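Q: Please take a close look at one open sheet in this model, and at the contacts made by its side chains. I should then like to see how that view connects with the other strands, loops and surfaces of the chain.

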Amino acid sequence: MKRGVCLILAFLLLPLTGFLPSISADTSNLIEAGVTDEFDEELVFWQRMDDGTILMVDNTGNLSVNSFSNGQHALQWNIDLNVSANSARLDNAQQLVAVAHDNGISIIHLDFQMVNRNISLQWPVDSVDWDDQGDLWLAHYAGRRRAEEYSPDGATGVYTDTITAGLSAFQVLNDGRIITGSYDTNIYVSDDGGGALGTLTDSNAIIKVLFEDSNSDLIVGTANGKLLRYNTSSWAVESLTLSHGKAISSIQQYDNSTYAIGSKSGHLSIVDLTTFSEQNTHVATGYVIGSLQYYTTAIYVASTTSTSSKIYLFDIDSDSDGVTDRLDKFPAESTQWDDEDGDGYGDNPLGFAPDAFPQDSTQHLDTDGDGHGDSPIGFEGDLFPNNADQWQDRDGDGYGDNGDCDDCHGDIYPDEPTQWADTDKDGYGDNPAGLNPDGCPQTNGFSTIDRFGCLDSDQDGYSNPSSDWGISNGADALPNQGSQWLDGDGDGYGDNTDGLQPDACPWQAGTSTKTWLLNESSVVGFTEVTSYGCEDLDNDGWVDFSESIGMDTDPNEHYDADGDGVGANSDYDDSNPQIKSEQDHCNMNQDDASSQCEGWRSDDYQEYLSRDREVNETDMPFYAWNASNNAGMSSGPGEIDEGILAQVATVGGIAFISLTIVILVIAMIVRKRKVAALVKLYGVPYVPKESSASLEALQGSAGSSAIGGVEADSGWEDSIDSLDFSAENKTELEADGLEADVSDADVTDADSIYGDSSSIEDIAGMPQAQAPVEEVAAAAPEPSQPPAQTAPLPEGGLPAGWTMEQWQWYGHEWLAKNAK
């Protein structure tokens with residue numbers, strides 16, 4: 001009965017839905033943005049309720065209500081039924097949820113967060129729904145294969161006809177009629193008493209999902225991805241085959257123009273309600289049991305498997321405004337992204353359709369620009385939204401509250417009788433005699449202290465100076481420093497001691513930036529601190545009155561620890577007033593034997609330094625000057641003895657010539673010995689080229705050339721001793737440095753010398769004969785063009801005398817000729 005009352009109220013309120021905005025989903029550019037949340041259980045129900053929370057039930061009977069933000073669930077409360085759940089159904093009033101399970105059903109009251117009723121059965125219940133009288137209908141897909149009615153008192157004995165093939169889908173229409181889908185591909189319609197009204201046979205596949213939309217049309221999903229839409233009055237039918245062709249698992253209606261169709265293969269298809277056509281399809285994984293649309297360009301999809309469930313986000317930055325659609329309150333409008341008051345209108349005043357009242361959710365539009373929202377039921381609603389001349393006159397100043405104009409008495413300050421116009425729209429009235437008058441009525445500004453509504457670059461409340469309002473009038477003396485505004489002495493440093501670079505001497509103009517304080521623990525004897533705006537006549541940055549006596553006029557000095565009148569930067573020893581320079585130090589410290597002090601103490605060196613210098617002449621340091629004097633190389637201060645230089649040059653020339661002669665004699669001796677060795681080896685004083693012993697051996701003409709050995713007795717010594725390998729002779733050889741250390745390990749056999757050489761030519765080191773390019777080119781027929789595929793190069797590279805172009809034309813012939 002309660003459900004019937006709810007339906008009556010819904011019917012009475014139905015005309016009001018004409019005033020609700022219909023936002024058509026544009027999901028054509030959506031892509032998967034990833035998984036935002038996941039669970040370890042299989043879900044059988046997931047749906048967003050009217051209050052924005054998510055109701056979900058898993059296959060173990062755990063029912064929970066969760067807040068949902070940015071794709072994340074936050075548990076509010078839950079009830080664990082500890083059953084094997086098959087499905088769940090939320091009533092239209094969203095107060096009750098019925099969970100169908102293998103042992104019956106459980107009804108939970110969401111307001112009281114408790115189990116309201118249990119119906120225990122020996123047959124599994126696959127689906128459940130309420131009729132228009134508030135009675136329950138339980139659907140048994142297998143076993144009893146029918147739907148049965150239960151009142152608050154129990155089973156009523158009313159049930160639909162048994163369907164032999166078994167049930168596969170179930171839905172109770174708002175008018176009480178019972179719809180069952182079957183494995184036999186038919187749809188059966190029964191009245192609220194279970195009596196058969198007819199059979200719909202338009203499907204050619206198993207019926208998987210039944211859904212009644214907001215127009216009371218019946219939407220049917222099949223196992224082959226086909227949708228049927230029936231007018232439940234005439235039973236006229238429309239059909240649509242989805243592009244993926246997979247079994248449909250869920251059907252939802254997002255708004256007055258869009259269906260969301262889930263599949264058992266992770267597809268979510270968006271179908272236009274008006275044209276009943278597929279707009280686009282997005283693919284996740286798993287069994288889609290539900291989805292929700294996040295504004296118009298993002299969709300959260302709940303999919304499940306036998307072991308886990310995931311929430312997928314399909315989202316883009318559709319408007320390319322730098323804010324992802326998941327966070328963008330206006331994902332299809334690039335000039336808007338935030339909506340502080342949640343009224344659906346953006347907060348960016350420069351964007352499209354900006355919210356004129358970003359903190360007021362009851363107003364967003366001000367068509368006539370009078371400062372009052374166009375919604376008559378909103379806060380201070382404008383009764384004349386298209387008339388900028390009038391609204392009302394609450395302050396009684398004679399200017400209508402609905403306008404902002406000079407000739408129609410439009411008052412933009414309806415509660416302030418002394419102000420009514422604001423030309424520059426900065427919030428300060430143009431009436432100079434009124435409250436908070438705008439000092440710059442033609443310029444938008446936000447100054448608030450010296451005058452209202454003028455430019456305030458540093459936002460400290462003081463206005464920037466202008467031609468008609470200077471610093472003497474109270475304008476900001478430092479308009480670009482937010483913590484300073486007064487500068488009594490005009491030196492560029494503000495008088496606010498807590499501000500940036502405060503003036504330490506506000507009574508006197510100055511350019512100083514620092515001063516020093518005595519600090520005995522410091523290496524330099526003082527600590528540097530900032531001090532702006534005091535007198536600094538030498539422009540060294542230091543406050544003059546803080547500098548040591550006499551240092552205030554020297555830009556290179558500021559501190560004189562010993563008070564000798566020489567600043568610490570120049571003073572050789574600023575801790576001793578008697579030492580100002582290095583000369584003072586050397587004169588007072590006779591035990592300092594450094595070259596610098598020796599130079600100061602040498603009258604001759606000082607006389608040398610005081611001489612007249614030639615152009616580009618430099619001074620020698622003391623140690624160099626002194627060394628030259630001691631060596632007798634100076635005939636006078638700073639002069640070199642030319643006689644000594646001439647003697648050095650003569651000796652050096654003789655030594656160079658002698659060394660050259662010695663080198664030439666050694667070279668001649670070495671060459672003579674080399675020629676003798678060649679004569680002894682080859683019989684000639686050079687290495688013969690036209691023939692060799694190895695070549696003669698290969699040709700079978702060894703010795704025929706008479707080249708390669710000694711042919712005359714004159715080439716041999718008169719007497720040649722026999723080779724002696726005795727131990728005594730070895731000892732003599734070792735003494736002469738001629739005997740090498742030879743052991744058995746050093747014996748080398750022929751294989752290790754010749755290796756894998758396959759021919760006597762290889763062993764002799766003779767090159768293999770290769771055909772020259774002219775011979776190959778002459779033997780080959782003249783081609784009209786080079787071969788399509790160039791011959792591979794030999795292992796040793798191009799043959800001698802060949803170019804790459806020749807190889808491209810005749811390389812194949814060369815390989816053929818040399819392969820024989």
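A: The account that follows begins with the sheet and then moves outward to other parts of the chain. The model is a predicted one, and each statement below should be read with that in mind.

The sheet is built from four strands in the order 10-11-12-13, it is open, and its strands pair in the antiparallel sense. Its edges are strand 10 (127-130) and strand 13 (154-159). Each of these edge strands has a single partner strand, so one side of each has no neighbour in the sheet. From one strand to the next, the twist averages 30°.

In this order, strand 11 stands beside strand 12. Strand 11 (residues 136-140) and strand 12 (residues 146-151) are antiparallel and are joined by five bridges. Within this pairing, His140 is found opposite Arg146 of strand 12. As background, side chains in a regular strand alternate between the two faces of the sheet.

Arg146 deserves further attention. Its side chain forms a salt bridge with that of Glu148, at 2.8 Å from N to O. Where do the two partners lie, buried or exposed? Both Arg146 and Glu148 are buried. The limit for this term is under 20% relative accessible area.

This contact can be set beside others of its kind, for the count of salt bridges comes to twelve. One of them joins Asp175 to Arg177, with 2.7 Å between the closest N and O atoms. Arg177 has a relative accessibility of 18%, which is under 20%, and so counts as buried. Asp175, at 39%, lies between the limits of 20% and 50% and therefore counts as partly exposed.

Another salt bridge links the side chains of Asp619 and Arg611, at 3.1 Å from N to O. Here Arg611 is buried, with 15% relative accessibility, whereas Asp619 is partly exposed, with 35%. Asp619 and Arg611 also belong to a network of salt bridges that includes Arg613 and Glu617.

Asn616 lies in the loop between helix 4 (603-609) and helix 5 (622-630). Its phi is positive, about 65°, although Asn616 is not a glycine. Its relative accessible area of 75% is over 50%, so Asn616 counts as exposed.

Two further loops may be considered. Thr185 is placed in the loop between strand 15 (178-182) and strand 16 (187-190). Thr185 is not a glycine either, yet it has a positive phi of about 75°. Asn204 is located in the loop between strand 17 (196-200) and strand 18 (207-212), and it counts as exposed at 55% relative accessibility. Asn204 and Lys226 are separated by 22 residues in sequence, and their C-alpha atoms are 9.0 Å apart in space.

A second antiparallel pair may be compared with the one described at the start. Strand 4 (residues 62-69) and strand 5 (residues 72-80) run antiparallel and are joined by eight bridges. Val65 stands opposite Trp77 of strand 5. Strand 4 and strand 5 form a hairpin with two residues between them, and there Asn70 takes a positive phi near 50°.

Strand 4 and strand 5 also lead to the interior. Nonpolar side chains in soluble globular proteins tend to be buried together. In this model the largest nonpolar core has 18 residues, and those touching the most other members are Leu55, Val57, Leu63, Val97, Val99, Ile108 and Leu110. Among the elements that give two or more residues to this core are strand 4 and strand 5, together with strand 2 (43-48), strand 3 (54-58), strand 6 (85-90) and strand 7 (96-101). Strand 6 supplies the largest share, three residues.

Nonpolar residues also appear on the outside. Phe656, Ile657, Ile661, Val665 and Ile669 make up a nonpolar surface patch, and their accessible area together is about 500 Å². Ile669 belongs to helix 6 (residues 642-682). With a relative accessible area of 43%, Ile669 falls between 20% and 50% and so counts as partly exposed.

To return to the starting point, the four strands in the order 10-11-12-13 form an open antiparallel sheet, and the salt bridge of Arg146 with Glu148 joins two buried residues.

Key: Residues are numbered from 1 along each chain as its sequence is written. This is a predicted model: local features need pLDDT of at least 70, side-chain atom pairs count only at pLDDT 80 or more; totals for chains, interfaces and linings use all residues. Side-chain values use heavy atoms; hydrogens and water are left out. Two strands pair if DSSP finds at least two bridges between them. A salt bridge is a side-chain nitrogen of Lys or Arg within 4 Å of a carboxyl oxygen of Asp or Glu. Buried means under 20% relative accessible area, exposed over 50%, partly exposed in between (1.4 Å probe, protein chains only). Axes are lines fitted to C-alpha atoms, for helices over the stretch in contact, and angles run from 0 to 180 degrees between N-to-C directions. Patches are made of residues with over 30% relative accessible area and no salt bridge: like charges are joined within 9 Å, nonpolar side chains (Val, Leu, Ile, Met, Phe, Trp, Tyr) within 5 Å. Accessible areas come from the Shrake-Rupley method with a 1.4 Å probe; for residues, only the protein chains shown count as cover. A nonpolar core is a set of buried Ala, Val, Leu, Ile, Met, Phe, Trp, Tyr and Cys residues joined through side-chain atoms within 4.5 Å.
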